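User: Please take a close look at a single part of this protein, one helix and what surrounds it, and set it in the context of the whole chain.

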Amino acid sequence: MKTSWDRQLAAWMSAEEWRLLAVTLPFVVLELLPLVLILRKRRELPGSIGLRASKWKLSLIIGLAGAIPFAAVTIYQMRGLYLESSPLPGLLYFTFLIALPEELLFRGYIQTRLTGLIPNKIAAVMVTGILFALYHIPFRLASSHGFHLQSEYPYLIRIVIMHLYFTYLYTRTNNLAGAVLCHSLIDLIG
């Protein structure tokens, strides 16, 4: 027997979206817990991984503007939105469970640390981009009927290009807000 609370939740998101959330949430914890522990152990501030109070408005404007070309292409191709119900749950899902953890981990932590270790900034960005693409392989496997490297090169190259794009957005303000917004909007409409 469904209560009014159950009906409200069911109206907000579909059963498939709730299942997706249930599968994604443990991965987010596994992504962010080591990062939080490392930052606490080293007594580093959130600003060291791009979580800054400064320039967040400008960063969001840049992120929103950065998503416009991808939205235009999606609308032109008539692919529609990823989620069938209200876009708000999808936006929240892609922002807080996909884009934010990925941006914190790759642009905020890994890339900033590699830039300090590798003298060539372009090489550090490319290494992080390759790691970002490799990170997406298990998700590609889970969402398809198999992963054949030869047919997946375009996908992996697209992920590296997206990494370069998000890096560009991040470096405009050294604030991850814009990269997170752009990343989540691209995932939502893509």
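Analyst: The expected span of a helix is taken as 1.5 Å times one less than its number of residues. With that rule in hand, helix α2 of this predicted model can be checked for length: its 28 residues should span 40 Å, and because its end C-alpha atoms lie 41 Å apart, the two values agree.

That agreement does not rule out a bend, and α2 does bend by about 25° at Leu 32, with a proline, Pro 34, following within four residues. Just after the helix, Arg 43 takes a positive phi of about 55°.

The side chains of α2 can be sorted by their exposure. Its buried residues are Glu 17, Thr 24, Val 28, Glu 31, Leu 35 and Leu 39, a list that holds two glutamates and a threonine as well as Val 28 and two leucines. On the surface, Val 23, Phe 27, Leu 30 and Phe 139 form a nonpolar patch, with about 410 Å² of accessible area together. Helix α2, which covers residues 15-42, supplies the largest share of this patch, namely 3 residues, and Val 23 is one of the residues found in the helix.

Beyond the end of α2, the chain enters the loop that leads to α3, and here Glu 44 meets Arg 113 in a salt bridge between their side chains, at 2.1 Å from N to O. Since Glu 44 lies in the loop between α2 and α3 (56-77) while Arg 113 belongs to helix α4 (residues 87-117), the pair ties together parts that are 69 residues apart in sequence. Glu 44 itself is partly exposed, with a relative accessible area of 23%.

The count of salt bridges comes to 2, and the other pair is Glu 103 with Arg 107, whose side chains meet at 2.6 Å, N to O. Both of these residues lie in helix α4, 4 residues apart, or about one turn of the helix, and Glu 103 and Arg 107 are both buried.

As for the setting, the protein has 7 helices and 0 strands. Of its 190 residues, 36% count as buried, and the accessible surface comes to about 11700 Å², with 71% of that belonging to carbon and sulfur atoms. Among contacts between residues at least 6 apart in sequence, 75% join residues at least 24 apart, and the salt bridge between Glu 44 and Arg 113 likewise links parts 69 residues apart.

Methods: Residues numbered from 1 in each chain as written. Predicted model: local features only at pLDDT ≥ 70, side-chain atom pairs only at ≥ 80, totals over all residues. Heavy atoms only, no water. Patch = residues over 30% accessible without salt bridge, like charges linked within 9 Å, V, L, I, M, F, W, Y side chains within 5 Å. Areas by Shrake-Rupley, 256 points an atom, 1.4 Å probe, with all protein chains shown as cover. Salt bridge = Lys/Arg side-chain N within 4 Å of Asp/Glu carboxyl O. Bend = angle between axes of the 7 residues up to and from the residue. Buried < 20%, exposed > 50% of the residue type's maximum accessible area, 1.4 Å probe, protein only. Contact = heavy atoms within 4.5 Å.
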